[in-house]
Amino acid sequence: MKYEIRFSGSGGQGVITASVILGAAAALHDGKNVIQSQSYGPEARGGATKADVIISDAKIRYPKARHIDYLVSLTQKAAVKFIKTLKKGGVVIIDSDFVDLPDSPDHRIYRLPMTSSSIAKFNRTTTLNVIALGAFAEVAGLVSADAVKKAVLDNSPAGFEEMNIASLDMGRELARAAKKN
Amino acid sequence: MTTTAHTEEKILFTQGNIACAEGALYAGCNFFGGYPITPSTEVAEHMAEELPRRNGAFIQMEDEIASLGAVIGAALAGAKAMTATSGPGFSLMQELIGYACIAEVPCVIVNVMRGGPSTGLPTSPAQSDLLQAKWGTHGDHPTIALVPSSVEEMFTETVRAFNLSEYFRTPVIVLGDEIIGHMREKFRVPRSGEIEVIDRKVPDGDGICRLPYRADGKHPACLPNFGTSRFHVTGLNHDESGFPTMDPSIVQDSNARILDKVYHQRELIDKVDMRYCEDAEILFVSVGSAARAAEEVVEEYRRKGVKAGLFRPITLWPFPKKEFIPCAERAKTIVVPEMNLGQLRTVVERFARSEKILPVNLVSGEPLDPDFIVATIEKSKR
């Protein structure tokens with residue numbers, strides 16, 4: 001199977017980092033074929049930036065995402081811009097503290113209060129991208145929990161390992177709660 | 001100046017530009033001179049980080065002309081030297097590329113292509129310099145240009161670029177593009193020894209060589225290192241001693257020789273990825289990231305029973321005509337997808353009837369995708 005995942009938000013929120021961690025988890029720890037790419041250019045600072053990950057069991061030829069299965073959006077601007085790229089039956093994960101999209105029969109929306117949960121627990125939002133990554137990992141189940149954890153640790157600066165793992169777990173917890181509804 | 005050789009195998013999930021830098025280090029590159037430019041900057045960044053740790057040297061110059069000047073100087077002093085740039089910087093380097101050709105200085109020039117002309121589209125992919133790589137510098141000169149289409153090939157082709165450059169004593173160009181340079185894939189850095197690394201031939205004994213341009217049969221001459229030896233280096237036509245000459249027969253022979261040393265040993269240079277070419281009726285000819293879109297289309301066509309094939313020159317210059325001509329003759333249609341307005345097509349036209357050729361050109365700054373190729377083919381049928 002082949003899946004295309006798009007992380008989107010505003011430049012500086014760490015959406016590229018989230019995509020690189022996901023890519024590394026799937027490629028290095030789960031042994032999948034993976035290509036990660038990102039948009040460069042003026043829009044990469046502020047505005048609506050995106051980073052894509054393609055995960056496949058088979059060889060990936062064309063390296064860019066074409067039919068998005070999972071869209072993660074951390075800003076309204078990015079959500080509105082990239083919802084058009086989501087394929088029918090796709091899944092959207094949004095930070096409901098800042099983003100909303102109308103319900104649609106074409107896709108399922110997970111509205112997760114990422115920012116408020118992060119402030120409540122950590123008193124900051126620096127790891128919002130890791131929370132989003134945890135939420136995605138839980139919703140999609142495409143990458144093993146162990147692989148994601150290892151990749152997060154590989155990419156954590158010294159001293160931030162614990163907070164990143166707690167953020168990953170928080171994202172999973174928010175997704176699990178939303179799944180029940 | 002020596003570099004610490006790679007010993008351990010590494011598995012990385014990284015960008016093409018980083019893989020390129022790793023390839024250079026694997027090949028023993030110990031000097032980088034450059035001027036950072038999008039979308040090639042990560043090559044310079046990685047070399048700036050790694051070279052000082054390995055007893056190598058990194059220098060950021062004031063512009064791209066000076067960058068290649070520094071690289072040529074370092075190469076003459078015995079270093080394995082490289083630079084990395086993109087279209088605008090590549091334009092500035094052209095004069096010194098010619099200098100390196102006539103002075104027979106081994107060096108590697110990486111051009112991670114972006115949109116042009118001029119400053120064009122700094123952050124967008126293009127294949128705008130396929131012909132500049134061949135004919136950008138004036139005068140008759142040999143050109144070796146390699147076009148990777150994956151992160152792994154950014155590594156292997158950079159190693160090969162150093163090998164060819166050291167063996168032939170000539171500059172070798174690696175043509176990446178923004179997509180291949182910036183995307184991340186998994187690849188394995190091989191243990192040292194797994195891929196052959198070729199070093200230039202140096203004079204025997206005390207290293208002194210009074211005739212640094214006396215070729216050894218069809219092989220290039222030895223290259224003495226400044227520091228152990230000294231010799232005259234010039235961009236003027238010169239004799240075997242390296243000093244300028246206008247002797248017509250010497251000039252005639254030496255101009256021919258720098259081409260012949262490369263083109264008479266094509267077997268050491270040619271490299272093509274051929275998929276289903278043996279029975280392809282619709283043949284795609286494409287390089288770099290565009291070739292990955294073409295390969296996707298070829299697979300889709302094959303699944304539908306259409307006899308499609310892909311001819312992907314990994315060595316673009318010299319163009320692998322020996323391999324190409326039979327494929328071109330068998331094909332009924334030759335599709336040439338490229339992110340420029342027909343540069344590769346001009347070469348294909350030399351070897352195939354133009355009515356067979358269907359160009360697919362995109363210069364919008366967007367990646368050339370499989371749907372665009374299919375749509376262009378469908379449109380041509382109407």
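## Polar links between the two domains

Between domain 1 of chain B and domain 2 of chain B, 16 residue pairs are in polar contact, both residues at pLDDT 80 or more; such a contact is a pair of N or O atoms within 3.5 Å, where within protein one must be able to donate a hydrogen and the other to accept it, and residues adjacent in sequence count only if both atoms are side-chain atoms. On the domain 1 side, α5(B) gives the most to the surface touching domain 2 of chain B, with 4 residues (helices are DSSP runs of H or I, at least four residues, and strands runs of E, at least two, numbered from the N terminus).

The rule also finds 2 salt bridges across this interface, a salt bridge being a side-chain nitrogen of Lys or Arg within 4 Å of a carboxyl oxygen of Asp or Glu. B:Arg312 and B:Glu153 meet through their side chains in a salt bridge, 2.8 Å from N to O.

## How the model is read

This is a predicted model, in which local features need pLDDT of at least 70 and side-chain atom pairs count only at pLDDT 80 or more, while totals for chains, interfaces and linings use all residues. Residues are numbered from 1 along each chain as its sequence is written, and side-chain values use heavy atoms, without hydrogens and water.

## Domains and buried area

Chain B is assigned domain 1 (10–189) and domain 2 (273–381), with bounds from an automatic or database domain assignment. Their C-alpha centres lie 26 Å apart. The contact (heavy atoms within 4.5 Å) takes 28 residues from domain 1 of chain B and 22 residues from domain 2 of chain B.

About 1,900 Å² is buried between them, 56% of it from carbon and sulfur atoms; buried area is the accessible area (1.4 Å probe) that two parts lose on being put together, summed over both. B:Gln127, B:Leu130 and B:Val147 supply 31% of what domain 1 of chain B buries against domain 2 of chain B, more than any other three residues.

Note on methods. Chains lettered and ligands numbered in written order.
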